[in-house]
Amino acid sequence: MKNVYALFIGVAMGLLIQRIRASSPAAIAANLRLENLSIIKFMAMTIAVGMMLVYSLSLVMPDALHFSIKPTYVVGVLLGGLVFGVGFALSGYCPGTCAVGIGEGRRDALFALLGGVAGALLFTLVYTTLIEPLVSVMDFGKITLADVLHVPVVPLAIGVGVLFIAVITWLPTDVRKHG
Amino acid sequence: MSFAATVTNSSASVAAERSGKLPPWASLGILFGVVGVLSIIAWGPIGVSGTYPRIIGEAMRAVAPGYAAENPYLVKMGSILVPETFILLGLVVGGIIGARFDRVKAPKMEATHPAETTPAKRYRDAFIGGMLIVFGARIAGGCTSGHIISGMTQLSVSGFIFAAGVFATGIGTAKLLNAAKTGGR
């Protein structure tokens with residue numbers, strides 16, 4: 001049953017990604033060059049709405065929420081992000097948006113997905129020698145900002161959400177047009 | 001062709017802001033935020049990149065079952081019949097449906113930087129970039145969906161660190177590639 005829900009959630013995600021043009025490599029490149037911020041603002045809005053909604057719900061229906069916090073192994077998470085950023089700018093895709101691009105009929109999206117499969121194979125081959133030692137360095141476990149700042153999580157989620165929305169409302173969408 | 005599309009997109013959002021309607025990034029972002037929470041209610045936060053090593057796992061179990069059983073990573077990632085895989089399938093379907101609503105068909109190819117002058121160069125960059133995003137995501141334990149969207153939504157520290165890394169090199173690489181023009185590559 002979970003898999004059926006996941007299929008529907010994937011379709012909804014794919015539609016929204018397609019509508020905001022996050023599956024367009026040219027649009028991703030324009031966002032990363034900070035010339036147009038539509039996709040960055042879309043992501044920030046998603047996160048802001050999600051955090052305010054899910055932590056508000058945690059007050060009324062905590063048992064219905066399946067939170068899953070990923071561990072913060074600082075070196076591995078940061079290094080992974082740095083490698084990801086280079087690939088993101090070069091391909092104009094992320095592991096999900098290339099699937100959307102394939103649906104749209106983009107030929108390069110198929111190459112990005114195949115590259116991803118090759119990357120996963122390479123990762124699997126070097127995991128024991130290169131990756132396992134790396135992910136155990138500076139591992140702080142499953143921590144949230146609330147743990148680090150020692151503040152209650154619900155007000156923090158509302159505060160960070162409001163801050164995100166304030167910043168993206170203030171920022172221009174088309175940077176060049178606004179100077 | 002890519003510039004024309006970007007301009008259309010942004011002028012549409014400017015028009016939306018003037019008419020008092022929410023701009024697309026806001027309305028679509030609110031919907032995506034709700035979808036992410038529905039996922040947390042249904043089984044857990046959204047994620048995608050774990051599907052790639054699970055594809056390798058299934059392939060290895062078919063051609064080299066001995067290796068698959070001994071590789072700790074493939075054992076850890078397990079079967080491909082998990083929600084994440086169905087999200088990836090759903091994304092393809094979402095792309096097919098979404099493209100139907102486009103007045104102008106999505107181009108078969110768009111360049112990310114000026115040196116991508118031929119389809120072969122675009123395919124090369126898409127492939128190499130595709131390798132890097134999945135390799136990087138697997139080091140970190142998540143990608144744009146798992147770490148940035150789901151992670152930051154749950155206020156996970158790892159999500160903020162991953163996003164900082166992605167945008168540091170993402171912005172730097174995009175600006176460098178744009179400045180390099182056609183030289184050398």
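Visitor: How much area does chain B expose, and which atoms supply 70% of it?

Guide: Chain B exposes about 7800 Å², with 70% supplied by carbon and sulfur atoms. Such areas come from the Shrake-Rupley method with a 1.4 Å probe. This is a predicted model, where local features need pLDDT of at least 70 and side-chain atom pairs count only at pLDDT 80 or more. Residues are numbered from 1 along each chain, and side-chain values use heavy atoms, without hydrogens and water.

Visitor: Why is B:L22 called partly exposed?

Guide: Its relative accessibility is 48%. Buried means under 20% relative accessible area, exposed means over 50%, and partly exposed lies in between. So B:L22 counts as partly exposed. B:L22 sits in the loop between α1 (2-18) and α2 of chain B.

Visitor: What makes the nonpolar surface patch of about 370 Å²?

Guide: The patch is made by A:L53, B:L22, B:I30, B:V34 and B:L38. Patch residues need over 30% relative accessible area and no salt bridge (a Lys or Arg side-chain nitrogen within 4 Å of an Asp or Glu carboxyl oxygen). Nonpolar side chains are joined within 5 Å. At 48%, B:L22 passes the area cut-off. Helix α2 (residues 24-42) of chain B gives the most, three residues.

Visitor: Which residues have the most contacts inside the largest nonpolar core?

Guide: They are A:F84 and B:L91, in a core of 91 residues. Helix α3 (residues 38-60) of chain A brings the largest share, 13 residues. A core joins buried nonpolar residues through side-chain atoms within 4.5 Å.

Note on methods
Chains are lettered from A and ligands numbered from 1 in the order in which they are written. Patches are made of residues with over 30% relative accessible area and no salt bridge: like charges are joined within 9 Å, nonpolar side chains (Val, Leu, Ile, Met, Phe, Trp, Tyr) within 5 Å. Helices (H or I, at least four residues) and strands (E, at least two) are DSSP runs, numbered from the N terminus. Buried means under 20% relative accessible area, exposed over 50%, partly exposed in between (1.4 Å probe, protein chains only).
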